[in-house]
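Hi there,

Here is the structure I promised to pass on. Have a look at it first, and then read on for what turned up in it.

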Amino acid sequence: MSETYLSGETTTDKTAIRNAATVIAMRGRLSDDPQVLMGQRGAKAAFMPNKFVFPGGAVDMADADIPLASPISLVCQDRLADKAPADVHHALAVAAVRELWEETGLILGEKGDWQGDIPEDWQEFAATGHIPSAKDMQFVFRALTPPGRPRRFDARFFLVDADQITGDLDDFSRAADELSHLQWIPLSQVREFDLPFITEVVLAEVTARVRDAEPPQSVPYFHNNDEASLFLRLKGYPMPADG
């Protein structure tokens, strides 16, 4: 990705805060031990080397122009617009679908034919006969990377039920090489892996709502700047002191 989306502008500055989308695909949500899809970043990666993470990455400028078969829910659009540009929800949802496809080869979309020219990055996805869809996404967490890191992201985390993903959930043959050791990890075992701190925080949040089919009315926001690290709530109430 040579260009990324930052508050409606294009940037190639690696130190800039970039919008990003992360997908938490969860399998067997009604089982005794649900699983989440994760992979390991490379040892030479500039951001979180060797860590096990969810599929995700920075928003591309072109994501804003990719059609969605269905948008993300209105309540999620409202939460995504809090402390952000009002129209950013579309690009974030598209980026989530794209990153899941690129990093795992799995499809989050609806059957349909694309209209007009298909961007190069989406030609293989379109060849499967699907159009990206955000209707089954739940916006569940937002986190801003602390200052001083080699990369900084304003990341939005989207929870997706694996039942809404098309294809063989164990077939990662179409995945790019950005993540290795792709696997479905039981929630009971996931903390045995080398996880970033923020991933552990997000896992606690999604574990608490694993059986909730509705998107949250209030979304946690882990906000870091030069002055402080704060837990806020988007379109909701302040975090409790002991939260």
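In helix H4, the residues Ile-198, Thr-199, Val-201, Val-202, Leu-203 and Val-206 are buried; buried here means under 20% relative accessible area, exposed means over 50%, and partly exposed is in between, with a 1.4 Å probe and protein chains only. Helices (H or I, at least four residues) and strands (E, at least two) are DSSP runs numbered from the N terminus. H4 covers residues 197–208, and at 1.5 Å a residue its 12 residues should span 16 Å, which agrees with the 17 Å between its end C-alpha atoms. The expected span is 1.5 Å times one less than the number of residues in the helix.

Before going further, please keep in mind that this is a predicted model: local features need pLDDT of at least 70 and side-chain atom pairs count only at pLDDT 80 or more, while totals for chains, interfaces and linings use all residues. Residues are numbered from 1 along each chain as its sequence is written, and side-chain values use heavy atoms, with hydrogens and water left out.

Helix H2 (residues 88–104) passes the length check too: its 17 residues should span 24 Å at 1.5 Å a residue, and the end C-alpha atoms are 24 Å apart. H2 is mostly covered, with 16 of its 17 residues buried. Right after H2 comes Gly-105, which has a positive phi near 80°.

Now for the loop between helix H1 (74–80) and H2, where Lys-83 lies. The phi of Lys-83 is positive, near 60°, in a residue other than glycine, and its relative accessibility of 51% makes Lys-83 exposed. Asp-82 is also placed in the loop between H1 and H2, but Asp-82 counts as buried at 13% relative accessibility. Asp-82 and Leu-234 are 152 residues apart in sequence, yet their C-alpha atoms are 6.1 Å apart in space.

There is another positive phi in a residue other than glycine at His-181, near 55°. His-181 lies in strand E11 and counts as exposed at 52% relative accessibility.

On either side of E11 there are loop residues to look at. Gly-167 lies in the loop between E10 and E11 (179–186) and is exposed, with a relative accessible area of 54%. From Gly-167 to Leu-108 the C-alpha distance is 9.5 Å, with their positions 59 residues apart in sequence. Phe-193 lies in the loop between E11 and H4 and counts as partly exposed, at 24% relative accessibility. Phe-193 and Phe-52 are 141 residues apart along the chain, with 6.8 Å separating their C-alpha atoms.

How many aromatic pairs does the structure hold? There are seven, where rings of Phe, Tyr and Trp (its six-membered ring) pair if their centres lie within 6.5 Å, and planes under 30 degrees apart count as stacked, over 60 as edge-to-face and the rest as tilted. The pair of Trp-114 and Trp-122 is tilted, because the ring centres are 5.8 Å apart and the planes are at 40°. Trp-122 also pairs with Phe-125, edge-to-face, at 5.3 Å centre to centre and 80° between the planes. Trp-114 and Trp-122 are both buried, and Phe-125 is buried as well. Together with Trp-101, these three residues form one aromatic cluster.

Arg-142 lies over the face of Tyr-221, 4.3 Å from the ring centre. A charge sits over a ring if NZ of Lys or CZ of Arg is within 6 Å of the ring centre and within 35 degrees of the ring normal.

Finally, the second largest pocket holds about 160 Å³ of space. A pocket is an open set of points on a 1 Å grid over the protein atoms alone, where a 1.4 Å probe fits and protein lies on both sides within 12 Å along at least five of seven lines; lining residues have an atom within 4 Å of a point. Residues lining the second largest pocket include Arg-29, Ser-73, Lys-135, Asp-136 and Gln-164. Strands E9 (137–144) and E10 (152–161) are the elements that give two or more residues to this lining, and E10 gives the most, with three.

Best wishes

Methods
Grid points are joined across faces, edges and corners, and a volume is the space filled by probe spheres set on the points.
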